[in-house]
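Could you walk me through this model in the viewer? I'd like to know what to select next and what turns up there.

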Amino acid sequence: MRKIYSKIDYIAGNVITVKAKDITYGELALVTSESGESLAEVIRLDGDNVSLQVFAGSRGIATDDEVKFLGHPMQVSFSDNLMGRIFTGSGKPRDKGPELTENLIEIGGPSVNPAKRIVPRNMIRTGIPMIDLFNSLVESQKLPIFSVSGEPYNELLARIALQAEVDMIILGGMGLKYDDYLFFRDSLEQGGALSRTIFFVHTAADPIVECLLVPDIALAVAERFALKGKRVLVLLTDMTNFSDALKEISITMEKVPSNRGYPGDLYSQLAARYEKAVDFEGAGSITILAVTTMPGDDVTHPVPDNTGYITEGQFYLRNGRIEPFGSLSRLKQLVNKKTREDHRSLMDGMIKLYANFKESLEKKAMGFRMSEWDQKLLKYGDLFESKLMDLSVNIPLEKAMDLGWQILSDCFTKEETGLRTELMNQFWPEN
Amino acid sequence: MANSKGKVIGVSGNMVSAECDSSVRMNEVGYIITGGKHLKAEVIRIRGSKVEMQVFEMTRGIRIGDDVEFTDDLLSVELGPGLLTQIFDGLQNPLPQIARKCGFFLERGFYLSALPESLEFDFTPIAKPGDTVVRGDTLGTVPEGIFTHKIMVPFNMYGTYTVESVVQAGKYSVRHTIAQLKDENGKSIPVTMVFNWPVKRPIDIYSERLRPSEALATKIRIIDTLVPVAKGGTYCIPGPFGAGKTVLQQITSRHAEVDIVIIAACGERAGEVVETLREFPELTDPRTGKTLMERTVIVCNTSSMPVAAREASVYTAVTMAEYYRQMGLHVLLLADSTSRWAQAMREMSGRLEEIPGEEAFPAYLESVIAGFYERAGIVRFKDGTIGSVTIGGTVSPAGGNFEEPVTQATLKVVGAFHGLSRERSDARRYPAIHPLDSWSKYEGAVEPHKSRYVRSVLFSGNEVDQMMKVVGEEGTSLDDYIVYLKSEFVDSVYLQQNAFDAVDAATSIPRQRYIFNFLVKILLASFTLPDKASARSYFNQLRQRFLDLNGAEWESDNFKKIEKELEDTFLNTVKETREELNDIFKSRFTG
């Protein structure tokens, strides 16, 4: 039987300190107070002084409350029974189902040996042309959706969850508004995807420390399923809340902040989670799609900035559309050579022209006369935005490419497109 | 002397404090023994009997009172034949071998030797009994892939030695004694093919350091022509995320004309390393006909691997680069990304509760960065041969803002700056090196006055472009408009390069010179174009042809055919004749 300690020396923020012996770093303890029980994790050892981070927060904890060390780090139950279930950030049921205690696994395990990784090779089709055609999502990719508050990012996430060609979905919600949580649950239920989904949801009202656990717990479970051969898509929303939780906790622990109050190891912290995306040779895979809201639409804010350096591209969601500039799937080159020979050239060519369109639009806004070329670009831009960019468009990749050629031929002559001659001979629609 | 021992008295993140009463050396390596595992750590601060160590592994599960063993050695790497083609982590553990033992995941506390006992090489002796040798002198050679690998007197033997015996030619394990050396005191010392060298100490065995003057061909047109890199020089590639830093490094690692490429993937995505890992063994190096892997070493400490080892990884890489330089080879070290390395320093500095400098980076950031880049250089050895280490580091500035400490500290010490721009990458103009902002202090593939001329065209074109944004296209004169079209033309057919096209991906120096001369003639010509619309469509045509030319094999029939068509299209619309143009060209660029 583990010893129970009942003298807390120090309480600050969510951290309590007790005097205890023979404790390991990272171990869990159960803190019992008037308001109930909470788990706590050992985050610092200094001689006999053991500092613990209390998951439910330290509010109401008395100096004579009981602390019982459990002798193991944070764990979560792993089995097929998880399917269709909803849990909190510390793994307790949020639905009315039973608590799961069998087959416990540790969270935040070691990283994958780079030598065991394989080059990603499978595209995940979503039916959204701005993803499939211009920035293909690839199995084992980690991609954030950069967005401003108010954009329909959760709707986009839900739509991808319903349409993406994967075996199962794990949704990690951090600081989620309760309505949003209900939205996800209901839309997945209506779409018939609930039974292949596991939820780990921390809502905005829950204790902040649990927010930090969500990605770890979701990814630990995803990893086990992937090792069993499942192709898992992990959806995380919103990683900015996760980072803010990190900030809050590191400031209360008096760590030196680096940039706008965020801890110096923000990059490593985010990377440790995102790098769990992997394709196991001979088994399944983990693909991560994570929402990162940009405070003030500022991509240089530390959270989107660090994220951008970690992930393999990003989708910008702006005005309800996936913006072609800045949006990038770094892995698309690995899959779009196998789709159709015109895929890459068409993708690049159309974006270059769209960039020109934006310039013409700017000139027009400033009141300059539009040349014939500008007129062509304006027509092109309109068609491009309404037929391909709109998020409600739901067509398979091949249809989207045909549509792309059609738009080009509606607006330009062959020379004006800057595409290779052989490709145009093959794909240019004869009107 | 028995090595010191201690006990753990505190844990915080990846920093462990230990109590130790006997002697401890700053920066020496120690092991924390927990749960039957030895976790490697480095001493980073000593306060009385309290020793603070950064642990190269996850610290979960360590408890107060765990044993700590000190080794008395600084953090070192093994140097010897067999490093090429290998994939190491930041502490020089061979990752594929670890994978074979441990499976998918990196098990902590599991270390393997970089050069295992089982590795054997064909040794040919050079030194003879009675010879007097000092450190760095060649004792013999072994073939390592395409290179002749010199087996040298270990660099950490500082005295003068007499060769007592050398083994006969034959196959030996790298750990086999291949020579006995006698020091001044008559003590006999056995020498194998392998020795250790502390990573943070530069290898300084050469007779003089030279000025980097010979260009290093990367086969990327914009670099070789406008912002060249020299053998033994340094350059940095700062750029916001998504601007193509890593792709640029990958292309360079493939096509650069050097003997050996060492890739240090430092705190970046694992996926990117994997591409190199999987593709290099299949790609042929056109210079040798062997696979690219045979000239490559990869040091890979990706972002999710322990931070302390990330800090060590760039040093591990540069030490191996210097080792191969000692054999008279030209080595290119590509570090991606030095910002992650700087951040690793920042994390440790934060844990040590040091007074933070700008953006919480430690105050010694600049001197550490300078010290790292200064390990590049081209040197002459006492036998007259020349070897070089060229360092190219990417920088990932926070928010893409070059004013931040790491970029600024790097710019102070490098010889070339390849600044990537978000605008160019958004417009898919790859490589996204900004032609006007970037600079280089080295001399490149084409004559400087020609590249200066092209730069001036780009500059004027940019001015016209800025002006057009204000006064509009109709407010711009036809002449100015043509200047603008010319600069756009240079950009799209020469500065931009398609990394995914088999031919266009790498442009040899002769081809660059040839194409560049042609391009300069187009820029010099006066066009007979009636109005802006026709000028635009004409340049579109010209561009189309030129892009087709870029995709054609150098000096093939197809190349010549397209070139002829292109020349005809061009000369038809120019005031000057071919001969007149040649004269203008000559008078401007010769003499």
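**Start at the interface**

Select B:R351 and A:D265: the two form a salt bridge, with their closest N and O atoms 3.8 Å apart. Keep in mind as you go that this is a predicted model.

Now widen the view to the whole interface of chain A and chain B, where five salt bridges are found. To colour the contact, you'll need 80 residues from chain A and 75 residues from chain B. Between them the two chains bury about 6600 Å², and 53% of that lies on carbon and sulfur atoms. Which three residues of chain A should you pick out next, as those supplying more of the area it buries against chain B than any other three? Go for A:Y25, A:P114 and A:Y309, which supply 12% of that area.

**Then over to a helix pair in chain B**

Hide chain A for this stop. Select residues 365-373 of chain B, helix α7, together with residues 405-413 of the same chain, helix α8. Their axes are 9 Å apart and the packing angle is about 45°, which makes α7(B) oblique to α8(B). Rotate the pair and check the hand: the crossing of α7(B) and α8(B) is right-handed.

Next, show side chains. On α7(B), pick B:L365, B:E366, B:I369, B:A370 and B:Y373; on α8(B), they meet B:P405, B:V406, B:A409, B:T410, B:K412 and B:V413. Colour this contact by class and you get eight nonpolar residues, one polar and two charged.

How values were computed: Residues are numbered from 1 along each chain as its sequence is written. Chains are lettered from A and ligands numbered from 1 in the order in which they are written. This is a predicted model: local features need pLDDT of at least 70, side-chain atom pairs count only at pLDDT 80 or more; totals for chains, interfaces and linings use all residues. Side-chain values use heavy atoms; hydrogens and water are left out. Axes are lines fitted to C-alpha atoms, for helices over the stretch in contact, and angles run from 0 to 180 degrees between N-to-C directions. Helices (H or I, at least four residues) and strands (E, at least two) are DSSP runs, numbered from the N terminus. Angles under 35 degrees count as roughly parallel, over 145 as roughly antiparallel, 65 to 115 as roughly perpendicular and the rest as oblique. A crossing is left-handed if the near helix is turned anticlockwise from the far one by less than a right angle, and right-handed if clockwise. Contact means heavy atoms within 4.5 Å. Ala, Val, Leu, Ile, Met, Phe, Trp, Tyr, Cys and Pro count as nonpolar, Asp, Glu, Lys and Arg as charged, and the others, Gly among them, as polar. Buried area is the accessible area (1.4 Å probe) that two parts lose on being put together, summed over both. A salt bridge is a side-chain nitrogen of Lys or Arg within 4 Å of a carboxyl oxygen of Asp or Glu.
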